[in-house]
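Colleague: I should like to learn how to read this model, feature by feature. May we begin with the packing of helices?

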There are 2 protein chains.
Amino acid sequence: MLTYIAGSGAMGCRFGYQLHNKGNEVILLDMWEDHINAIKENGLNIVGDKEDNVKIEIMKPSEAERKADFIILFTKAMQLPTMLESIKPIIKEDTKVLCLLNGLGHEDVMKQYLPEKNILLGVTVWTAGLKKPGEVLLTGTGSVNLQSIDKSGKEEALEIVDMMNEAGLNVTYDEDVLPSIWRKACVNGTMNSTCALQDCTIGEFFASEEAKSVVKTIISEFVTVGKALGVKLNEEEIVDYVFKTSVAAAEHYPSMHQDLIQNHRLTEIDFINGAVARKGKELGIDTPYCQMITDLIHSKEQILGIK
Amino acid sequence: MLTYIAGSGAMGCRFGYQLHNKGNEVILLDMWEDHINAIKENGLNIVGDKEDNVKIEIMKPSEAERKADFIILFTKAMQLPTMLESIKPIIKEDTKVLCLLNGLGHEDVMKQYLPEKNILLGVTVWTAGLKKPGEVLLTGTGSVNLQSIDKSGKEEALEIVDMMNEAGLNVTYDEDVLPSIWRKACVNGTMNSTCALQDCTIGEFFASEEAKSVVKTIISEFVTVGKALGVKLNEEEIVDYVFKTSVAAAEHYPSMHQDLIQNHRLTEIDFINGAVARKGKELGIDTPYCQMITDLIHSKEQILGIK
């Protein structure tokens, strides 16, 4: 099964490496020249829980020619349309495409390029870090939940689940994956945007009662909009999950802090709090906290000269 | 007319200096030892539009013994109750007390210490800067609007207006000063809190469409709450005033940025956006933007280790 990883940052490299390591044919796709050249010249370097170095194919999306059996999307949210546009030539009628991006609403983009029966949506709690071009840090364990958004795609999806499980990716076929996707979006929507804005770690932000109240209000907006869209969400359970996650991740700066503050890159805010504000507007549901935090992050992008 | 300036930072020094300069007996009150000692030893130094040095009395509030005819309050908002408590012994039955603090709701505090007929509320657009202990920078011009909150106090208030006008303070007796106080609070509530949060100048914050939309929503919450309290406010006129002010002040960091980011001091947020959120809650009016921005500023105070 020829598998492409479309977007081979830290997470893409993890998935690519684990699949490749079990004998699957894997091609990494990425746009970052230094990273591509490093892997071409010296192989992909693995550090962390285990040390390894593997020869694995990597190229730019526009260079890929062989038709794909399976594609895992791991771009930044805002790069998704460009990536799908670039890889059109390698998508067959039966190429399965799994989206593991953070955030909400990616299926709307995918539907413009793929028949529904080939779209798999998923969410993962695996982590990884890019130490430098060509070197990825893999520690800890994780899991994946995924689903074919069209029931007729389930049988083929199960073959993919098997392949990924053989590679140790700990995948579950989930008959209703949307609640998990929204739950993860709640984690990101309460930690990423706030810590980027406040320039602090998750623990620092969650330390005050005022911050906890902001977090609860944001979750409440996510849940109200999600439920209106038919996603089965339990607000109390999500609040509990977010606060537990905040304790476990207290020392960390979330990825949006890394993007905005550390690296002055555009953020994924439009696909997290921004997506909820946008869907809320369509549905006539007020989401002032999501709207304001989205606007403040965009304003900060502009202040930092990124936009 | 023995006049005390209760809180002799930059603005207190300006008013104290101008009154003293016209032959009025003025005593400055302050808590900052270095500032007090500098003025005692070397006089109050004036720089800027004119250079001057005046011998003017200064002491701690607890050291003041002579009964006051007139007191101008110029503390930080959160220091007001402590100041009023300290100067109780110098307040006579007919001591007029003028509040020129930024923010909303100070009359509620003053009423605990003073009969209504002696309370003057005001707002000023004068500015000043403290260069170092004992040295104040005075540039530009300004004005004051003030009112006795009890109509029976008007005649005596007019005498004070005359005295202040002789000192060049450009004072108008205003039959309805609350709209001006709320309008200034709208300026502070859209510039101070946001620029402190975003760590930027007024011009940098106001540059994006997203920021403008945040500003308009904040003003709308101020106006809705103010109107419900009976204050005559014209939302369109205030929006216009705030945007014009933002252009004139584009290069500046507002005072809350100086407090929070530059000097790691507690902010006056509870008397600006926080006051609107609190009054809104009492009235059953939703003020999500004011509430969230108040919470984020408090959380930032905690992150910076100020609280």
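Colleague: At what angle do the axes of helix α8 and helix α12 of chain B cross?

Modeller: Please bear in mind that this is a predicted model. Two packed helices are described by the angle between their axes and the distance between the axes. In chain B, the axes of helix α8 (residues 209–228) and helix α12 (residues 288–303) cross at roughly 110° and come within 8 Å. Angles of 65 to 115 degrees count as roughly perpendicular, so α8(B) is roughly perpendicular to α12(B).

Colleague: Which residues make the contact between α8(B) and α12(B)?

Modeller: From α8(B), the contact is made by B:V214, B:T217, B:I218, B:E221 and B:F222. From α12(B), the participants are B:P288, B:Y289, B:C290 and B:I293. Sorted by class, this contact has seven nonpolar residues, one polar residue and one charged residue.

Colleague: Let us turn to chain A as a whole. How many helices and strands does chain A have, and what is its radius of gyration?

Modeller: Chain A has 12 helices and 12 strands. Its radius of gyration is 19 Å, which agrees with the value near 19 Å for a compact globule because that is the figure for 307 residues. Along the principal axes, the C-alpha atoms of chain A fill a box of roughly 50 × 40 × 35 Å.

Colleague: What percentage of the residues of chain A count as buried, and what area does chain A expose?

Modeller: Of its 307 residues, 56% count as buried. The exposed area of chain A is about 12,800 Å², and carbon and sulfur atoms supply 47% of it. One may also consider sequence separation: among contacts in chain A between residues at least 6 apart in sequence, 70% join residues at least 24 apart.

Colleague: I would like to see individual residues. Is A:F70 buried or exposed?

Modeller: A residue counts as buried under 20% relative accessible area. A:F70 has 0% relative accessibility and therefore counts as buried. This residue is found in strand β6 (residues 68–73) of chain A. Beyond its neighbours within four places in sequence, A:F70 is in contact with several residues, including A:M1, A:Y4, A:T95, A:L120 and A:M164. A:F70 and A:T95 are 25 residues apart in sequence, yet their C-alpha atoms are 5.5 Å apart in space.

Colleague: Which residues are in contact with A:A196, its neighbours within four places in sequence being left aside?

Modeller: They are A:M256, A:H257, A:L260, A:I261 and A:I297. A:A196 lies in helix α6 of chain A, and at 0% relative accessibility A:A196 counts as buried. As for a separation in space, A:A196 and A:D108 are 27 Å apart, C-alpha to C-alpha, and 88 residues apart in sequence.

Colleague: Where is B:E156 found?

Modeller: B:E156 is found in helix α5 (residues 154–166) of chain B. Its relative accessibility is 37%, so B:E156 counts as partly exposed. B:E156 and B:L130 are 26 residues apart in sequence and 32 Å apart in space, C-alpha to C-alpha.

Colleague: Finally, backbone angles. What is the phi of A:D199?

Modeller: The phi of A:D199 is near 50°, a positive value in a residue other than glycine. A:D199 is found in the loop between α6 (178–198) and α7 (202–206) of chain A, and is partly exposed, with a relative accessible area of 40%. In chain B, the phi of B:D199 is near 50°. B:D199 lies in the loop between α6 (178–198) and α7 (202–206) of chain B; B:D199 is partly exposed, its relative accessible area being 40%.

Note on methods
Residues are numbered from 1 along each chain as its sequence is written. Chains are lettered from A and ligands numbered from 1 in the order in which they are written. This is a predicted model: local features need pLDDT of at least 70, side-chain atom pairs count only at pLDDT 80 or more; totals for chains, interfaces and linings use all residues. Side-chain values use heavy atoms; hydrogens and water are left out. Axes are lines fitted to C-alpha atoms, for helices over the stretch in contact, and angles run from 0 to 180 degrees between N-to-C directions. Helices (H or I, at least four residues) and strands (E, at least two) are DSSP runs, numbered from the N terminus. Angles under 35 degrees count as roughly parallel, over 145 as roughly antiparallel, 65 to 115 as roughly perpendicular and the rest as oblique. Contact means heavy atoms within 4.5 Å. Ala, Val, Leu, Ile, Met, Phe, Trp, Tyr, Cys and Pro count as nonpolar, Asp, Glu, Lys and Arg as charged, and the others, Gly among them, as polar. The radius of gyration is taken over C-alpha atoms; the globule rule is 2.2 Å times the number of residues to the power 0.38. Buried means under 20% relative accessible area, exposed over 50%, partly exposed in between (1.4 Å probe, protein chains only). Accessible areas come from the Shrake-Rupley method with a 1.4 Å probe; for residues, only the protein chains shown count as cover.
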